[in-house]
Amino acid sequence: MIEIFSKKAGLVVRDIFFATGVVPSNVNRDIDLYTQCSSPIYDSVPSCILTIDLTKDENTIFQEFGKNNRYKIRRATNKDGLIFDIDFTPAIDTLEFFKKFYNNFAKSKGLPLANPAKLEALRNSGSFSIASVHNKNLPIVMSSFISDGYRVYFHQAATVPRDGNNSVLISTANRLLHWQMMLTMKKLDVKVYDLGNISRNPKLQSLNDFKREFGGVECETYNFTHGVSWLGKFALKTSSLLRKL
């Protein structure tokens, strides 16, 4: 379980990742935000996620990938010459670079921008890492991960802008990043690789298909946002703020 505190729009937000139930706290805050809770709490919303068992041996994990996925991962190193990198203790300038990289991607996709206070709190917690795949010393894809030592959670991801020439390279880079991240976390004795939500939104089916190419098991988890103070309860009635948490 991971617990962090950060500020957003003047509100103190407590993020709780991978809890098994309600986590009490005496710290004054306005909002509790539960992510990937293993059991329902309050009026929590069930979410389908995809996880991969890292206790299996490396070859078994790889063979459970889709055929196309395995081909592209091999191509990434053997033909495209892509390089994987992971930073478990990102410095401030690394965090700033990731934030800008992600925000450029988010703007192009109409997604919420990164929350700098939350990223800083995650970094300070020691549970946060940034992975990237490079081509000729330039990042093609970057992703952030959160881990409590048992589970590693795919948090945020971004790529360089797509054009007519780099779509295949981006696709292979994304696959290489996840495979190398699995191998890295497996060596650290992490048990579960969490690819996050399997969306019910028809517009996101291509992302679901991408995740399912890694095999794994789909299971139910629970997310919940709870107003603690009167200000927090009032703020959560504003949907625009809720989307940015």
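In this predicted model, P46 sits opposite Y222 of β10. The strands β4 and β10 pair in the antiparallel sense, over seven bridges.

Both strands belong to an open sheet of 10 strands with mixed pairing. The strand order is β1-β2-β3-β10-β4-β9-β8-β7-β6-β5. β1 (2-8) and β5 (83-87) are the edge strands; each has a single partner, so one side of each lacks a neighbour in the sheet. On average, neighbouring strands are turned by 25° against each other, direction ignored.

Helix α6 (residues 205-212) lies across β4, β9 (192-197) and β10. Its direction is at about 170° to β9.

β4 (45-53) and β10 (217-227) also serve the second largest pocket: they are the elements that give two or more residues to its lining. The pocket holds about 160 Å³ of space. Its lining has 13 residues, and F18, A19, Q36, S38 and R151 are the closest to the centre. β10 gives the largest share, three residues.

Elsewhere, two helices cross. The axes of α2 (residues 67-78) and α5 (residues 167-187) come within 8 Å, at roughly 95°. That angle makes α2 roughly perpendicular to α5. On α2, the contact uses N68, N69, K72, I73, R75, A76 and T77. On α5, it uses V168, S171, T172, R175, L176 and W179.

The residue classes of the pocket lining and the helix contact are as follows.

| Site | Nonpolar | Polar | Charged |
|---|---|---|---|
| Lining of the second largest pocket | five residues | five residues | three residues |
| Contact of α2 with α5 | five residues | five residues | three residues |

Methods:
Residues numbered from 1 in each chain as written. Predicted model: local features only at pLDDT ≥ 70, side-chain atom pairs only at ≥ 80, totals over all residues. Heavy atoms only, no water. Axes fitted to C-alpha atoms, helices over the stretch in contact; angles between N-to-C directions. Helix = DSSP H or I, 4+ residues; strand = E, 2+ residues; numbered from the N terminus. Parallel < 35°, antiparallel > 145°, perpendicular 65-115°, else oblique. Contact = heavy atoms within 4.5 Å. Nonpolar A, V, L, I, M, F, W, Y, C, P; charged D, E, K, R; others polar. 1 Å grid on protein atoms, 1.4 Å probe; cavity = no way out; pocket = protein on both sides within 12 Å on 5 of 7 lines; lining within 4 Å. Points joined across faces, edges and corners; volume = space filled by probe spheres on them. Pairing = 2+ DSSP bridges.
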